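Me: I have a structure to go through for class. Could you help me read it, one topic at a time?

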Number of protein chains: 2
Amino acid sequence: MTHNTKQQHGEDIAIARLFPEARTLIDGEEIYGDLELPLPASPDRPYVILNMVTSVDGRVSAGGKSSGIGSRVDRTCMRVLRSKVDAVAVGAGSLRAEKMNLGLDRGDISQPLAVIVGGSGGIPLLQNLILGEQRLLVAVPRGVRLPANAEEIPATILRTPADEGRVDLAWLLRALRHEHEVQRLLVEGGPGLNRSLIGAGLLDELFITVAPKLVLGQEHAIISGSAAGSAAGTHADLSLLSAHQAGDELFLRYRVQNRG
Amino acid sequence: MTHNTKQQHGEDIAIARLFPEARTLIDGEEIYGDLELPLPASPDRPYVILNMVTSVDGRVSAGGKSSGIGSRVDRTCMRVLRSKVDAVAVGAGSLRAEKMNLGLDRGDISQPLAVIVGGSGGIPLLQNLILGEQRLLVAVPRGVRLPANAEEIPATILRTPADEGRVDLAWLLRALRHEHEVQRLLVEGGPGLNRSLIGAGLLDELFITVAPKLVLGQEHAIISGSAAGSAAGTHADLSLLSAHQAGDELFLRYRVQNRG
């Protein structure tokens with residue numbers, strides 16, 4: 001076993017940066033380990049990044065769960081990104097789909113704030129959220145009933161203005177920035193939250209893991225489709241910032257060119 | 001302007017192979033220009049490759065047309081792949097969506113056979129297929145009425161057994177191999193034909209261009225979803241054979257690990 005390989009499913013795989021400046025990562029070095037995210041350009045929101053894993057045919061889940069798509073290297077990568085931000089957000093739909101935690105494996109560095117973006121559906125906090133030491137903020141649109149078990153979990157409940165029954169994301173991001181000291185926010189889906197975020201021009205960067213798989217199922221894409229997006233042609237252009245490879249899996253980082 | 005750049009939308013962009021053995025392509029060298037596809041392993045069909053362009057959010061079209069997604073480099077790449085095969089096939093649905101040709105720009109090398117895979121829908125050959133010097137084969141399931149204008153175009157009509165109302169692809173591939181001397185076949189979609197091909201375990205390689213765009217629309221993924229695929233989890237594993245970059249656009253080549 002050489003120093004530039006990592007164990008996965010019992011096999012050694014080399015991890016390399018392909019672009020810019022191709023090189024093999026040395027032992028102990030993680031993808032995005034040396035990443036330094038910019039500070040927010042806007043005074044009204046954090047710097048917002050999105051991290052998703054997708055199959056080559058563009059599916060974010062297999063059998064309804066995203067946990068079947070990415071490798072162990074992808075899961076490490078996800079936790080490295082979490083260590084670079086002040087808060088990690090997911091939509092309530094993702095929490096309904098499977099058990100998850102939004103924190104770091106390491107206990108020696110401070111955990112990001114966990115943010116659940118609720119809507120009109122249920123939020124199974126007790127059942128599906130593995131919280132550990134993390135602080136939790138649950139955002140729900142005004143007028144929507146709180147989850148029945150919200151009182152059993154120590155969470156900050158944030159009542160936000162409603163935007164077509166959903167949390168007003170611009171309002172939420174402003175509150176995270178100004179009332180919860182969130183300079184950098186990582187969003188981890190699901191596809192509905194991603195669409196609202198990108199549609200509102202609130203995303204700065206997209207991190208995407210391309211898993212070497214074909215799913216073929218009736219599963220979601222990384223971003224829910226919208227009729228508006230279809231009529232308008234392409235919605236946003238991206239710039240490729242970096243590409244890494246671990247075996248057959250690719251890790252791509254893009255900057256979003258928000259229009260207007 | 002240096003030798004390793006190519007003109008696109010008035011800008012110079014460097015084209016590089018990222019993996020394996022990263023290097024910048026020299027002037028006049030095309031992505032996949034030196035590609036040598038294997039001969040078919042099976043005696044019953046050609047070696048089958050699929051080439052598609054997708055946005056980062058996994059959409060193969062914008063506003064219903066695929067022509068809005070890829071760059072000029074992608075279109076060159078598509079024609080290079082066509083020059084490596086004996087036949088190029090698309091489903092009739094792709095032809096209904098937009099005008100297309102399935103040939104090469106260059107007149108000095110022999111054109112691949114154009115193959116249209118029909119089903120129960122219309123096949124607008126006269127309206128949407130720009131044929132030039134290419135020979136044309138139209139495959140339709142037995143019992144399905146031929147396009148009204150089929151006689152106006154010099155085409156070989158192949159009546160195939162029907163597989164749930166669609167062309168039996170294994171039968172078609174055998175006929176292409178044994179009756180039309182097709183050793184290597186390039187499929188260019190659409191998503192329904194791709195699904196049938198992959199679902200039947202008939203695909204050897206997948207070439208995918210990842211265009212630096214977000215579409216957000218209600219557009220197709222590279223492969224239509226199927227309930228069967230969903231229930232079974234992931235359908236196939238892929239091996240990454242190469243990765244190229246032209247500016248922000250990526251060109252990925254995968255081998256399909258067919259199961260069983």
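Reply: A good place to start is A:Glu205, which forms a salt bridge with A:Arg253, the closest N and O atoms being 2.7 Å apart. A salt bridge here is a side-chain nitrogen of Lys or Arg within 4 Å of a carboxyl oxygen of Asp or Glu. The model is predicted, so local features need pLDDT of at least 70 and side-chain atom pairs count only at pLDDT 80 or more, while totals for chains, interfaces and linings use all residues. Residues are numbered from 1 along each chain as its sequence is written, chains are lettered from A and ligands numbered from 1 in the order in which they are written, and side-chain values use heavy atoms, with hydrogens and water left out.

Me: Where do A:Glu205 and A:Arg253 sit in the chain?

Reply: A:Glu205 is in strand β12 of chain A and A:Arg253 is in strand β15 (residues 249-257), 48 residues apart, and the pair links distant parts of the chain. Helices (H or I, at least four residues) and strands (E, at least two) are DSSP runs, numbered from the N terminus.

Me: How many salt bridges are there over all chains, and how many across the interface of chain B and chain A?

Reply: The whole structure has 14 over all chains. Across the interface of chain B and chain A, the rule finds zero.

Me: Then what polar contacts are found across that interface?

Reply: There are 10 residue pairs in polar contact, both residues at pLDDT 80 or more. Such a contact is a pair of N or O atoms within 3.5 Å; within protein, one must be able to donate a hydrogen and the other to accept it, and residues adjacent in sequence count only if both atoms are side-chain atoms.

Me: Which element gives the largest share of chain B's side?

Reply: That is β14(B), with six residues. By class, the side of chain B that touches chain A has 23 nonpolar, 16 polar and six charged residues. Ala, Val, Leu, Ile, Met, Phe, Trp, Tyr, Cys and Pro count as nonpolar, Asp, Glu, Lys and Arg as charged, and the others, Gly among them, as polar.

Me: Do strands come into it too? Which ones pair between the chains?

Reply: Strand β14 (residues 236-246) of chain A and β13(B) pair in the antiparallel sense over two bridges; pairing requires that DSSP finds at least two bridges. In this pairing, A:Ala236 stands opposite B:Leu214.

Me: New topic: how many aromatic pairs are there?

Reply: The search finds two over all chains. In one of them, the ring centres of A:Tyr32 and A:Phe207 are 4.9 Å apart and the planes are at 90 degrees, so the pair is edge-to-face. Rings of Phe, Tyr and Trp (its six-membered ring) pair if their centres lie within 6.5 Å; planes under 30 degrees apart count as stacked, over 60 as edge-to-face and the rest as tilted.

Me: And which peptide bonds are cis?

Reply: A cis bond joins A:Gly189 and A:Gly190, with omega about 0 degrees, and the bond from B:Gly189 to B:Gly190 is cis with omega near 5 degrees. A:Gly190 lies in the loop between β11 (184-187) and α5 (191-199) of chain A.
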